[in-house]
Amino acid sequence: MKRIALIFGVTGQDGSYLTRLLLKKGYIVHGVKRRSSSLNTSRIDDIYQEPFIKKKNFVLHYGDITDGTSIFDIIKKTKPNEIYNLAAQSHVAVSFKIPEYTSNADALGSLRILDSIIKINPKIKFYQAGSSEMYGKVQSFPQTEKTPFYPRSPYAVSKVYAHWITVNYRESYNLFACNGILFNHESPLRGETFVTKKIVKGLCRIKLKKQKKLYLGNIYAKRDWGHAEDYVEAMWKILQYKKPEDWVICTGKQYSVKQFINLVAKNLNLKLFWSGEGLNEKAYSEKNEKIIEIKKEYFRPAEVENLKGNAAKAKKHLKWKPTKNINALIKDMINFELKELSYE
Ligand code: NAP
Ligand code: F7E
């Protein structure tokens, strides 16, 4: 019997990589996309061209994680063995602007799926896309599964709710429900307003003289950045483990946003000269043109300054480890961007 997976958030960065992974493993994959007035399937459209997939093995359904009826109906109709909840309003800065919607989608969305699972078939395995943002104002270093949460945004508070409701349903109803606590992961398919994509795209365009400047916020925040392709493999392994547990997935390496900028510039053979401090800090080109400026509007009301994880548990029990380091990630993102720009 073919295994059946249902992915909420199939049109996102992780949804696209996870779909490819599961199809390669022989799953039938159902994906939930939400209705929008413009096309939102650009990350998954090319999957239908892949030689390894039979078209009937990948099916899309309209639905929304703020709409319990659609969730219930899709789960009932598709009869999945595994559900991956990747759907979320995933932008931390935006969550301060639309906190109520973010909570509805990111916190209650998970509850709606879990509640449908216990009513339809409690044997369905469930993966919840948790986040290192839950550690927020970090309480210990590096962060593990045992580090207490201290969320710093409506996004992170909602993810903490989703984490604990997943634990609660596991303990109350004996569900195979798991949290992945994933640190930042990026790729060529990363959304355009996340900092790594913004930097790679901006510096590639500046290099090719298609753009003059890049505006950023807090360049001293530090993150543990991995590659999304590695991280979706971890999601799958989490649901194949002998029992349902919660897992930290990260690289264990940390860089500041400024270090990330310098690495991208180096890869592009773009010389940057930094000067000034705070909002007046700037980066200049060899020809003394201002390339990067700091803008107050990109700072957040509360920041997460310092994330670095320890994935020892996943390494030991899931036999998972990241295969791509920061340089491989940056090269992958740059190559994609330069190819896209060559079509412009
Ligand atoms: P993403 O690219 O922003 O994708 C989010 C997905 O959720 C998209 O398919 C989006 O649909 C969908 N979505 C948003 N609101 C929805 C709604 N109301 N109903 C149904 N679908 C909805 O995010 P990602 O980077 O792939 O991340 C996947 C998940 O992991 C998210 O839950 C995120 O919070 C979490 N996470 C991400 C990271 C990371 O570094 N990437 C780290 C930890 C946790 P549209 O395409 O229509 O917008
Ligand atoms: O910001 C700083 C910003 O938006 C990273 C999501 O996938 O990972 C992501 O959340 C850092 C922050 O990611 C700009 O202040 C500076 O400190 O790329 P980001 P994030 O907030 O870490 C976690 C794990 C998730 O779960 C989330 O879903 O970069 N920063 N200047 C900037 N950030 C943005 N976006 N834009 C700037 O101009």
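Trainee: Which atom of ligand 1 does a polar side-chain atom of Tyr101 lie 2.8 Å from?

Mentor: Good place to begin, and keep in mind that this is a predicted model. A polar contact needs a pair of N or O atoms within 3.5 Å, and the 2.8 Å at Tyr101 meets that limit. The partner of the Tyr101 side chain in ligand 1 is a nitrogen atom.

Trainee: How much of ligand 1 does the protein bury?

Mentor: Start with the ligand by itself: taken alone, ligand 1 exposes 900 Å². Of that area, the share buried by the protein is 91%.

Trainee: Which atoms of ligand 1 do the side chains of Asp64 and Ser90 approach?

Mentor: Both residues are among those that come nearest to ligand 1. A side-chain N or O atom of Asp64 is 2.8 Å from a nitrogen atom of the ligand. For Ser90, a polar side-chain atom lies 2.6 Å from an oxygen atom. So under the 3.5 Å limit these are polar contacts, with a nitrogen atom for Asp64 and an oxygen atom for Ser90.

Trainee: Which element gives the largest share of the shell around ligand 1?

Mentor: Helix H1, strand E5 and helix H5 each supply at least two residues of this shell. With three residues, the largest share comes from E5.

Trainee: Let's turn to ligand 2. What is 2.8 Å from an oxygen atom of ligand 2 in Val195?

Mentor: Compare some other residues beforehand. Ser131 uses a side-chain N or O atom, 2.6 Å from an oxygen atom of ligand 2, and Asn184 also uses a side-chain N or O atom, at 2.8 Å. In Val195 the atom is a backbone N or O atom.

Trainee: How much of ligand 2 does the protein cover?

Mentor: On its own, ligand 2 has 700 Å² of accessible area. The part of this covered by the protein is 95%.

Trainee: Which element supplies the largest share of the largest nonpolar core?

Mentor: In soluble globular proteins, nonpolar side chains tend to be buried together. Here the largest nonpolar core has 46 residues, and Leu18, Leu22, Tyr84, Tyr127 and Ile249 touch the most other members. Several elements each supply at least two residues, including E1, H1 and E6. With eight residues, the largest share comes from H7.

Trainee: How many residues are in the other core?

Mentor: This second core lies apart from the one we just discussed. Among its members are Cys204, Ile261, Val264 and Met333, and its residues number 29.

Definitions and conventions: Residues are numbered from 1 along each chain as its sequence is written. Chains are lettered from A and ligands numbered from 1 in the order in which they are written. This is a predicted model: local features need pLDDT of at least 70, side-chain atom pairs count only at pLDDT 80 or more; totals for chains, interfaces and linings use all residues. Side-chain values use heavy atoms; hydrogens and water are left out. A residue is near a molecule or strand if one of its heavy atoms lies within 4 Å of it. A polar contact is a pair of N or O atoms within 3.5 Å; within protein, one must be able to donate a hydrogen and the other to accept it, and residues adjacent in sequence count only if both atoms are side-chain atoms. Accessible areas come from the Shrake-Rupley method with a 1.4 Å probe; for residues, only the protein chains shown count as cover. Helices (H or I, at least four residues) and strands (E, at least two) are DSSP runs, numbered from the N terminus. A nonpolar core is a set of buried Ala, Val, Leu, Ile, Met, Phe, Trp, Tyr and Cys residues joined through side-chain atoms within 4.5 Å. Buried means under 20% relative accessible area, exposed over 50%, partly exposed in between (1.4 Å probe, protein chains only).
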